[in-house]
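This briefing concerns the interface and the nonpolar cores of the structure shown below.

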Amino acid sequence: MPEYVLWDFLEGARFENVILRWVQDERLTKRDRAALNNRIRRLAQTDYALAVQTKLLAGPIYKHVYKLVIHADRMLRPMLCRGPIDNETEYTFLLGAIEINWKLPRGSKEQAEGNREVVLSNADRRCIHEDIPQ
Amino acid sequence: MKTFHSERRQEWADEDYRYAYAEDFLNTSIATQIVTLREQRGLSQAAFAQVLGTKQPGVSRLENVNHSTWKTETLKRIARALGVRLKISFETFGSLVDEEKKFSRSQLERPKFEEDPALNPQAAPMVAKNKYGALVQRVGSEWLAGFEAGRAYAERFMRIAYLNAHNLVAQATVTAPSPSNAGVFETLVSRKPPETAEYQGIPIPAKQPANSWIN
């Protein structure tokens, strides 16, 4: 069923899942979490061209960084990249973000790109994507 | 080991969560299917807009997964413009599990009325794989093959998919079906060759080596 393998970046000395940590820190609502899980699963099943065409995937917004555009209770914008190990078969979620007034937090795109570079130099810095707990 | 259904049962235990999930799935599905069907018919957004009687940005909005204010009248117009019917029904959450599994370009494609195999089997293109994994398509009484010219070995053909004509470039002669090759088709579709695209759940070789399907 899935066309792409999804990964999550692991941050810090404790190798924490950056997306799960973001969901927890931002106290995302049930509606947010439901939409997030749905979009991420659909991304895994949709060919890249179709994902871009339907705005399921937006970007690149900065170098290799894309974002999911999810209008839920808040403007969820998890950032990700194609690959980076194999661009044709995988995506890696790099950072969670919420847009306010259509703007991403300052420095977040750069941070996401930095996380991508970390994965490129150390593939252990990511794990298979984990569902967002409801 | 947890099954897909049991995972979802647990995840969707909360009412607010499951309705939010189903609503987002609905919006994602409609937008994705509109794009899929429009592209299946070879229409640009501008051309489709003209058929719909709207402007290109209007089509772009309808094709956005974040669009959520669907009007039944608009959906009916879209259906008519695409040569399909609109179906609106109330469903169980259990059926959402199956719909999720079928979410892909190939599964969302639908033939238009003139190509609907249920109503017009002779006009409908039939797609099969020959012994070597190459695709052959029947259009009316002719067989067309999508790769190198040659003699397609499609003894064990089967109706599996409907493909846009632009995927097929050459014509080939096909041998008559033969019981000796029964089972070849199943073998082919269960083997996933490298660098494949998928069509209705069946892997399709991206490129056939020359002569690979000449008998």
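Across the interface of chain A and chain B, five salt bridges are found (a side-chain nitrogen of Lys or Arg within 4 Å of a carboxyl oxygen of Asp or Glu). The model is predicted: local features need pLDDT of at least 70, side-chain atom pairs count only at pLDDT 80 or more, and totals for chains, interfaces and linings use all residues. Residues are numbered from 1 along each chain as its sequence is written, chains are lettered from A in the order in which they are written, and side-chain values use heavy atoms, with hydrogens and water left out.

**Interface**
- R39(A) forms a salt bridge with D24(B), with 2.8 Å between the closest N and O atoms.
- Chain A contributes 25 residues to the contact and chain B 29 residues, where contact means heavy atoms within 4.5 Å.
- The area buried between the two chains (accessible area lost on being put together, 1.4 Å probe, summed over both) is about 2300 Å², and carbon and sulfur atoms give 50% of that area.

**Nonpolar cores**
- The largest nonpolar core (buried Ala, Val, Leu, Ile, Met, Phe, Trp, Tyr and Cys residues joined through side-chain atoms within 4.5 Å; buried means under 20% relative accessible area, 1.4 Å probe, protein chains only) has 37 residues.
- Helix 2 of chain A gives the most to this core, five residues; helices here are DSSP runs of H or I with at least four residues, numbered from the N terminus.
- L36(A) and L43(A) have the most contacts inside the largest core.
- Among the residues that L43(A) touches, not counting those up to four places away in sequence, are L6(A), L68(A) and F93(A).

How values were computed:
Buried < 20%, exposed > 50% of the residue type's maximum accessible area, 1.4 Å probe, protein only. Helix = DSSP H or I, 4+ residues; strand = E, 2+ residues; numbered from the N terminus.
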